[in-house]
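Student: I would like a close look at the nonpolar interior of this protein. Please go through it part by part, and include the cysteines.

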Amino acid sequence: MPNSAPPQGSEIDDAELTLEYLLRRMRFKSDFPALSASVSRVQALSNSETDSMQSLCDEVLQDVALTQKLLRVVNTAHFRRAGSDPISTVSRAVALIGVGGVRNLALSLMLLDHMEDKAHAQQLKVEFLRTVMAGTLASELSRGAKEAEDAYLGALFRNLGRLLVSFYLPDDAEQIRTLCEGTDEAPPITEQQAAQNVLGVSLDKLADRVGEMWGLPEGLRACMAHPDRDVPKMSLAARPERVWWLASLANDTADSMLKAEPVDLGDILTDLTKTYARALDLTPHALQDAASRARKRLTDLTQALNMSVPAQSPADKLLDRYYVDAPNAGQTDGPSARDLGLTTENGALTADMPLPEQDTANVLTNGIQDITNTLLEPFKLNDVLHMILETMLRAMDCRRVIFCMRDAKTGQLLGRLGIGEGVDIVKAAFKIPLTVPAGGTPDLFTVVCLKNADMLIADASAASIVGRLPAWFRDHVQAPTFLMLPLVMKRKGHADMVLGMIYADKGKANTLQLNEKELSLLRTLRNQAVMAFKQTTGG
């Protein structure tokens, strides 16, 4: 999107100095580097659905709170099919709604995570909900899943400058809001003008510099800039700038929903529809219908996250509470708070939906159900195996979980897949022979696989164990406690075949403890892996 003529000479130097000063102030805050690293890693993932699925799952699973929140959100009505079972693994969520969908959710929730527990949390909550409303509106107005993902992210990051200033420079953010609202002495000015007066640079420039630092792609960074021209008078169908103008309409609408009185909203949405109709090929009621769907989605999100929104507050206007959308915005006979599963506490509406207990058996059971549902549909073997590893990692709070698979050339089990700490290096160390050397003594891993015997080693430093551990394990893995679950396929008329092994460990001896029920559920997971192999190879 073209920008206005750049400033000359010392103005450029001043802007650069101001940007560097603001970035230093934000880096000084303890959580800004963490946010930057998280966004950079997620955004850097490959666009290939196959390559990035496991990388995205691994990134999300590193943060337990993010994992929990994401699973709560993907189980809302918008994502789940009617009558389907709950989604209990990140892998299943990616398989159902795609890498792009989960990536966008994860980025939204990362912004939310860095908003919490701050003194100015209520104002940040308003900014977060406005931002997500804009992204949701853009996706609802889109044509096709790919455009919906791009438009959601573009509309979301269009607010990056405002969000960053609100998060990390709250005093400056308050000054900007005051200038935008105006005073008795001074008339209101635009947000861009206010930011220039307070910060010395525009919010767009700040956002672009941070976006460059995070490795955001050029197309997204272009979409983040506010337009400096009127809405085009021609159709933008199949043109890349269509996403930019979707982001503009979505943000204009979200601002109007936040600030306008309900009775005025119908006329405002109608005017916005007329302004953008030709460029975005809008039908007369497209924006009103999209706003209605977006309200429901945002309400589901706040409920899933147990996010309280004070009744009658500006943010409450964004939710599906007391009135229906235009042109009947004046009606007040919509669903009550109790109808929506909400309770009133001290004037604030809160979702009465506590997070479920995450005990080992519960996570294993839910994971088994997720995998069962996946096996009933066309699936990829790697996806199922990754779901199994993820379920074990989360259920037992493991340091890492690795899947070893039989290599046809060498006859060994080799580390193929893994999740957890340093797993890329560690899994490469796994080389388990499936034959006993002549005159030699097989190591512990070989014996377990050949005898098809599940084994939990509580303390690997015990004298009876140390001598049976292979050199590769002592040199490169060094786990103090670990579990081994061999995968063996029964073959009629032939000897049983060792297909692989699932390995899990923790970082402290005697911390990997399982009761009979949990061990039984782990064996069911292992059997699902065998079943996936059978279905993939035709038995």
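**The interior of the chain**

Tutor: Of the 539 residues in the protein chain, 52% are buried. The model is a predicted one. Its protein chain holds 22 helices and nine strands. Among contacts in the chain with a separation of 6 or more, 67% join residues 24 or more positions apart.

The largest nonpolar core numbers 140 residues. Within this core, the residues with the most contacts are Phe157, Leu199, Val210, Trp214, Met392, Met396 and Ile502. The element that gives the most to the core is helix α5, residues 90–113, with twelve residues. Apart from this core there is another, of 27 residues, which includes Ile402, Val423, Ala460 and Ile465.

Helix α5 also packs against helix α17, residues 381–396. Their axes are 8 Å apart and meet at an angle of about 145°. On the α5 side the contact is made by Val90, Ser91 and Arg92, and on the α17 side by His386, Met387 and Glu390. Sorted by class, this contact has two nonpolar, two polar and two charged residues.

Val210 and Trp214, both named above for their contacts in the core, belong to helix α11, where both are buried. The other buried residues of α11 are Leu203, Asp204, Leu206, Ala207, Arg209 and Gly211. The list thus takes in Asp204 and Arg209 alongside Leu203 and Leu206. Leaving aside neighbours within four places in sequence, Val210 is in contact with Leu23, Met26, Phe32, Leu160 and Leu164. The length of α11 can be checked: its twelve residues, 203–214, should span 16 Å at 1.5 Å a residue, and the end C-alpha atoms are 16 Å apart, so the two figures agree. Just after the helix, Gly215 takes a positive phi of about 80°.

For a contrast in burial, take Asn197 in helix α10, residues 191–199. The relative accessibility of Asn197 is 56%, so this residue counts as exposed. Beyond its neighbours within four places in sequence, Asn197 is in contact with Leu179 and Ile189. Ile176 is 21 residues from Asn197 along the chain, and their C-alpha atoms are separated by 8.3 Å.

Ile465, one of the residues of the 27-residue core, has its place in helix α20, residues 463–466. Its relative accessible area is 16%, and the cut-off for buried is under 20%, so Ile465 counts as buried. Outside the four places on either side in sequence, Ile465 is in contact with Leu444, Ile457, Asp459 and Ala460. Of these contacts, Ala460 is also named in the 27-residue core. Asp443 lies 22 residues from Ile465 in sequence, with a C-alpha to C-alpha distance of 9.9 Å.

As for the cysteines, a search of the whole structure finds zero disulfides. Cys404 is in no disulfide, and the nearest cysteine sulfur, that of Cys449, is 7.7 Å away. The cut-off for a disulfide is sulfur atoms within 2.5 Å, so the 7.7 Å between Cys404 and Cys449 does not meet it. Cys404 is buried, with a relative accessible area of 0%. Cys180 is partly exposed, with a relative accessible area of 25%.

Terms used. Residues are numbered from 1 along each chain as its sequence is written. This is a predicted model: local features need pLDDT of at least 70, side-chain atom pairs count only at pLDDT 80 or more; totals for chains, interfaces and linings use all residues. Side-chain values use heavy atoms; hydrogens and water are left out. A nonpolar core is a set of buried Ala, Val, Leu, Ile, Met, Phe, Trp, Tyr and Cys residues joined through side-chain atoms within 4.5 Å. Buried means under 20% relative accessible area, exposed over 50%, partly exposed in between (1.4 Å probe, protein chains only). Helices (H or I, at least four residues) and strands (E, at least two) are DSSP runs, numbered from the N terminus. Contact means heavy atoms within 4.5 Å. The expected span of a helix is 1.5 Å times one less than its number of residues. Axes are lines fitted to C-alpha atoms, for helices over the stretch in contact, and angles run from 0 to 180 degrees between N-to-C directions. Ala, Val, Leu, Ile, Met, Phe, Trp, Tyr, Cys and Pro count as nonpolar, Asp, Glu, Lys and Arg as charged, and the others, Gly among them, as polar.
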